[in-house]
Amino acid sequence: MRLKISHVTEYSYEEPVEFALQRLRLTPRDCPGQKVGAWQTSVSGVGHEASYDDHFGNRVELVSITGQPHSITIMAAGEVETEERNGVFGPHIGYVPLWLFQRETPLTKPGKLIRELARSIDGDGELARVHALMEAISEKVEYKQDVTRTETPAEEALELRAGVCQDHTHILISAARLMGMPARYISGYMFDDSDNEAASHAWAEVHVAGLGWVGFDAANCVCPDERYVRIATGLDYGDTAPVSGMRIGTKPETINVTVSVEQGQ
């Protein structure tokens with residue numbers, strides 16, 4: 001499937017920005033299941049500091065903002081060719097050892113509820129158990145916007161029984177690690193012509209014996225297929241945030257994000 005993607009983030013400030021440093025993870029890579037065509041990222045009124053691949057293999061651009069602008073626009077756009085792999089990414093590759101993906105983080109630290117969830121999961125083999133885990137999370141946690149934040153940990157989201165794809169993903173990762181399987185966070189895009197809100201998306205991958213990394217989207221209770229485009233990988237959302245950084249100044253900012261994913265010809 002050929003997918004055309006546009007991702008625009010606009011920052012508006014009450015007062016001019018004296019200085020800001022932003023880390024962008026907005027560039028997809030060629031990997032099993034996807035091949036990137038033309039792709040471009042641009043930011044208005046910035047200085048380009050560096051481009052590099054981080055320890056997870058994500059493409060990162062570091063930009064600085066000076067000149068005291070009142071607004072900043074970050075744009076990423078291009079085309080990606082995807083293929084159906086039934087959710088299977090394949091063997092672990094890269095510099096990061098597999099055991100690192102069993103380490104808990106503040107966003108994935110399990111509490112009483114996640115421990116109970118992990119203990120309740122049965123299945124004949126690892127793959128069946130993770131499928132059962134995905135289904136249990138999908139049933140327990142309603143997809144609902146504006147009840148959690150990017151800083152909401154998995155345990156709190158499970159207690160609320162509501163959240164967005166980020167929350168479903170953190171819960172699945174936390175429980176899978178408790179069940180003895182490495183798990184990681186994937187940020188990217190999803191094509192869904194019936195619901196453009198799902199354009200910017202997140203899901204988990206769990207390392208399953210005999211298969212390698214396998215994707216699980218608990219928000220939709222499916223394994224990722226050709227509708228999904230991966231951008232970044234990490235232990236949790238913090239490692240994959242499309243835009244992160246710091247700025248000098250404490251005045252409020254307004255953020256407007258527009259993402260579209262369309263099927264190309």
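Start by selecting helix 4, residues 165–178. Helices here are DSSP runs of H or I with at least four residues, strands are runs of E with at least two, and both are numbered from the N terminus. Helix 4 has 14 residues and spans 20 Å from its first C-alpha to its last, close to the 20 Å expected at 1.5 Å a residue; the expected span is 1.5 Å times one less than the number of residues. Is this helix mostly covered or mostly uncovered? It is mostly covered, with 13 of its 14 residues buried (under 20% relative accessible area with a 1.4 Å probe and protein chains only; exposed is over 50%, partly exposed in between). Step just past the end of helix 4 to G180, which takes a positive phi of about 90°.

A word on what you are viewing: this is a predicted model, where local features need pLDDT of at least 70 and side-chain atom pairs count only at pLDDT 80 or more, while totals for chains, interfaces and linings use all residues. Residues are numbered from 1 along each chain as its sequence is written, and side-chain values use heavy atoms, with hydrogens and water left out.

Next, the pockets. Select T150, Q166, S200, Y237 and V257, which lie nearest the centre of the largest pocket among its 37 lining residues. A pocket is an open set of points on a 1 Å grid over the protein atoms alone, with protein on both sides within 12 Å along at least five of seven lines; a cavity is a set where a 1.4 Å probe fits but cannot get out, and lining residues have an atom within 4 Å of a point. The elements giving two or more residues to this lining include helix 4, strand 1 (2–13) and strand 11 (200–208). Strand 10 gives the most, with four residues. The volume is about 1,300 Å³, meaning the space filled by probe spheres set on the grid points, which are joined across faces, edges and corners.

Now move to F56, G57, N58, I93 and T233, the closest to the centre of the second largest pocket among its 24 lining residues. Its volume is about 490 Å³. Which strand gives the most to this lining? Strand 13 (residues 228–234) does, with four residues.

Keep strand 13 selected for the cavity stop. The structure holds one cavity of 30 Å³ or more, with a volume of about 210 Å³. Of the 18 residues that line the cavity, P32, G33, P224, D225 and R230 are the closest to its centre. Strand 13 again gives the most, with three residues.

Finish with the sheets. Select strands 3, 6, 1 and 15, which form an open antiparallel sheet in that order; two strands pair if DSSP finds at least two bridges between them. Strand 3 (34–43) and strand 15 are the edges, each pairing on one side only. Inside this sheet, strand 1 and strand 6 (residues 71–82) pair over eleven bridges, and Y11 has I72 as its bridge partner in strand 6.

The last selection is another open sheet of four strands, with the order 4-5-2-14 and antiparallel pairing. Its edges are strand 4 (46–53) and strand 14. Strand 4 pairs with strand 5 (residues 59–65) over seven bridges, and S51 stands opposite E61 in strand 5.
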